[in-house]
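Visitor: I should be grateful for a close look at one part of this protein, with the terms explained as they arise.

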Amino acid sequence: ALTGALDDRFSLPPSYRILAEAVAGVVLGLGAWTEHGWAGIVLGTILVTVLTNAINLMDGMNGLVAGSTVVYSAGIALLMLQNGQSPQLALMLGSASLGFLVWNFPVARTFMGDTGSLAIGYMLSTLILRLVEHWQDVVAALLMLGFPLLDVSVGVLRRWRRGRPIMSGDRDHLYDRLYRLCGSGTLTVVIVWAISAVFVALGWLIRDFEPLKMAVVLTIIGIASLVGAARLGAL
């Protein structure tokens with residue numbers, strides 16, 4: 001949140017922001033040192049760095065991140081309940097996002113900025129790290145976050161193909177292309193919420209699959225998602 005606030009105020013260079021995110025990931029991983037050792041630090045660093053940027057890049061339309069976070073939090077809370085874990089943190093994140101959504105959609109009277117989007121990415125990373133003892137649930141939770149992860153992956157590939165810096169901005173995100181297709185910001189946001197709900201349902205569906213079956217289904221979902229992104233022109 002502090003990194004996001006500084007970025008909102010001073011527009012930090014991307015390298016500084018990435019470094020701060022990595023440090024936050026290391027700190028998160030240290031909290032899991034007793035149970036997971038170095039693996040916890042590595043996973044924490046990767047999760048925080050990827051998810052904070054994925055959520056931040058998704059924050060381009062009123063209500064998009066807040067509403068999607070409600071959906072993601074509900075899905076992860078269900079995974080935690082299934083494992084006998086307390087879903088309190090997930091419910092807090094979802095409830096806070098729902099409260100913010102009232103003031104941010106459809107007409108925004110306030111904005112979360114990088115302060116909010118980076119903090120949400122960090123909280124989602126924290127929740128996934130709490131699932132790490134059940135690898136199937138980690139995979140399921142990552143699939144639930146399929147839309148922002150697909151968007152950031154496609155964005156990196158798109159900028160690489162164009163010969164542009166990976167951290168540079170553009171207006172060809174998945175939601176941008178959807179907006180050009182339907183012509184309504186409100187409808188675009190609702191469509192993304194619906195897509196996010198589908199990813200959450202798929203994550204819940206595959207959590208009990210055997211490893212081979214899970215790998216096959218994930219491959220099919222990945223290919224279908226990339227084809228959809230290509231049809232939108234996001235590549």
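Is the crossing of helix 4 and helix 7 left-handed or right-handed? Please describe that part and what surrounds it.

Guide: The crossing of helix 4 and helix 7 is right-handed; a crossing is called left-handed if the near helix is turned anticlockwise from the far one by less than a right angle, and right-handed if clockwise. The model is predicted, so local features need pLDDT of at least 70 and side-chain atom pairs count only at pLDDT 80 or more, while totals for chains, interfaces and linings use all residues. Residues are numbered from 1 along each chain as its sequence is written, and side-chain values use heavy atoms, with hydrogens and water left out.

Helix 4 covers residues 64-82 and helix 7 residues 135-144; helices (H or I, at least four residues) and strands (E, at least two) are DSSP runs, numbered from the N terminus. The axes of helix 4 and helix 7 come within 10 Å and cross at roughly 165 degrees. This makes helix 4 roughly antiparallel to helix 7. Angles under 35 degrees count as roughly parallel, over 145 as roughly antiparallel, 65 to 115 as roughly perpendicular and the rest as oblique. Axes are lines fitted to C-alpha atoms, for helices over the stretch in contact, and angles run from 0 to 180 degrees between N-to-C directions.

On the helix 4 side, Y72, G75, I76 and L79 meet D137, A140, A141 and M144 of helix 7, where contact means heavy atoms within 4.5 Å. By class, the residues of this contact are six nonpolar, one polar and one charged. Here Ala, Val, Leu, Ile, Met, Phe, Trp, Tyr, Cys and Pro count as nonpolar, Asp, Glu, Lys and Arg as charged, and the others, Gly among them, as polar.

Helix 7 also packs with helix 11 (residues 211-232), at an angle of about 10 degrees and with the axes 12 Å apart. Helix 7 is therefore roughly parallel to helix 11. In this pairing W135, Q136, V139 and L143 of helix 7 meet P211, M214, L218 and I221 of helix 11. Seven nonpolar residues, one polar and no charged residues make up the contact.

Two residues of the helix 4 contact, Y72 and I76, are also touched by L124. L124 lies in helix 6 (residues 113-129) and counts as buried because its relative accessibility is 0%; buried means under 20% relative accessible area, exposed over 50%, partly exposed in between (1.4 Å probe, protein chains only). Not counting residues up to four places away in sequence, L124 touches L51, I55, L93 and L145 as well as Y72 and I76. The C-alpha atoms of L124 and L145 are 9.3 Å apart, with their positions 21 residues apart along the chain.

I76 and L124, together with L127, have the most contacts inside the largest nonpolar core, which has 53 residues. Such a core is a set of buried Ala, Val, Leu, Ile, Met, Phe, Trp, Tyr and Cys residues joined through side-chain atoms within 4.5 Å. Helix 4 gives the most to this core, with nine residues.

Helix 6 also holds T126, which is buried at a relative accessible area of 11%. T126 touches L28 and L89, not counting residues up to four places away in sequence. The C-alpha atoms of T126 and L28 are separated by 7.2 Å, although these residues are 98 apart along the chain.
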